[in-house]
Amino acid sequence: MRQPGRVAPETITIAQARRTALAAQGLARRRPDRPGARVTMAGVQRVLDRLQMLQIDSVNVLARAHLVPLYARLGPYDVGLLDRAAGRAPRRVVEAWAHEASYVPVDLFPSLAFRRASFEKEAWGNVRSVVHQHPDVVEQVREVVREAGPVTASQVHELFEHEHPRTREAWGWNWTVAKRALELLFFTGEVLPARRNAAFERCYDLAERVLPPAVLAAPTPPPGDQVRRLVEIAARAHGVATRRDLADYYRVRGPLVDRAIEDLVEEGTLRPVTVRGWDATVWAHREATFPRVVDARTLLSPFDPLVFERSRLEELFGTRYRIEIYVPAAKRVHGYYVLPFLQGDAITARVDLKADRAAGVLRVLAAHDEPGTRPDTTSELAAELGVLAGWLGLDGVVVEPVGALAAALAVATRSTGAQGPALAV
């Protein structure tokens, strides 16, 4: 029997869809953030169970991309918990190609086998081509990992530098031949990161020495079953979703997506709903809730699962968001590393943030308003920035005079003290 409030209405409004999406993402309630509150591994596990993915990105102007979604839902936490979940046996999560390179629960690994098997179509060009251009190096790198793993790409490159020196001609962050070979073996699942070192380099080892025995022994489901599981997870993580949303969560495509949706509808896991103002077919997951009120206050990483499908964000929140890291500075509209501010059930501001570790402050390089900006947005945002600064181990917040909210935010940060408990990410 379904729980009260979990029967999807036939027709809902955009506002209801938005609140449902926030509830599905674990963002419907304000975090505790109280002095003495302690986040445990159980709390981290609950978020991992809900999201089933943390996208990884190397940009560290604020904090690593995979760390911030946990902060957004848990508040200040010890990032060593995630390091332990990913880097110590028995591992709870493992790196794999999901939405992009991501941490995923270890038991999801068999359901990504179709992607690993399709490396000729799915992998980046400079990765898939190495098996044809340098098959001997691929085989030698495989043996290096077998004999010496866990090893980093720089350690492996040293063995091949004389024959294959680093060049400045190829696209792909000037990846060496050894690095390309490692990335190929990672994409196909032969090697996996056993951990990340202090420089955030992957330490590669054989998959059989990284994955738990139960995962290694698990049979590989047929591709259709793999995609069906991924689509179901995406539906649960979204609450309500279009086909594009369901496919994008794990970047799956093709007729297997449609077949998965049909199967999930037939068994009652998904139910079509009409969302007034959303010009698309929408499905609700059977576990979706439809709260009347959402009370959130948090900052969202550009790589947060609520944010990374930009058209969905615009349709549900009316917020047009683009990451401008690769845009020349003179052409940026909002800034280099901009985080939307979620207040209640609306995006009410966006801030360009930088953790200035040398000066010990969180710098707000720009603070922009949104159509949903409220009278209390700057005071709420100032309080949130103080919590974030404390989590990052910074002593305070400095607001630069850029953006429509900058002046008021500067006043608000001074009045609140804008400082939280220091944890030092």
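These legends go with close-up views of aromatic pairs, charges over rings, cis peptide bonds and positive phi values in a predicted model.

Because the model is predicted, local features need pLDDT of at least 70 and side-chain atom pairs count only at pLDDT 80 or more, while totals for chains, interfaces and linings use all residues. Residues are numbered from 1 along each chain as its sequence is written, and side-chain values use heavy atoms, with hydrogens and water left out.

**View 1. Tyr71 and Trp391 make a stacked aromatic pair.** The structure holds five aromatic pairs (rings of Phe, Tyr and Trp, the last by its six-membered ring, with centres within 6.5 Å; planes under 30 degrees apart are stacked, over 60 edge-to-face, the rest tilted). In this one the centres are 4.8 Å apart and the planes differ by 20 degrees. Tyr71 comes from helix α3 (residues 68-74) and Trp391 from helix α18 (residues 377-391), so the pair ties together parts 320 residues apart in sequence. Helices (H or I, at least four residues) and strands (E, at least two) are DSSP runs, numbered from the N terminus. Tyr71 is buried at 0% relative accessible area, and Trp391 is buried at 0% too (buried is under 20%, exposed over 50%, partly exposed in between; 1.4 Å probe, protein chains only). Add Tyr77, and Tyr71, Tyr77 and Trp391 form one aromatic cluster.

**View 2. Sequence neighbours Tyr249 and Tyr250 meet edge-to-face.** Here we have 5.3 Å centre to centre and 80 degrees between the planes. Tyr249 is buried, with 0% relative accessible area, and Tyr250 is buried at 0% as well.

**View 3. Arg64 lies over the face of Phe200.** The distance to the ring centre is 4.1 Å (a charge sits over a ring if NZ of Lys or CZ of Arg is within 6 Å of the ring centre and within 35 degrees of the ring normal). Phe200 sits in the loop between β5 (191-196) and β6 (202-206) and is buried at 13% relative accessibility. Phe200 also has a positive phi, about 65 degrees, despite not being a glycine.

**View 4. Gln52 is another non-glycine residue with a positive phi.** Its phi is near 65 degrees. Look for Gln52 in the loop between α2 (41-51) and β2 (54-55), where Gln52 is buried at 9% relative accessible area.

**View 5. Cis peptide bonds lead into Pro90 and Pro150.** Most peptide bonds are trans. From Ala89 to Pro90, omega is about -5 degrees, and Pro90 is in the loop between α4 (80-87) and β3 (93-97). From Gly149 to Pro150, omega is near 5 degrees; Pro150 belongs to the loop between α9 (135-148) and α10 (153-160).
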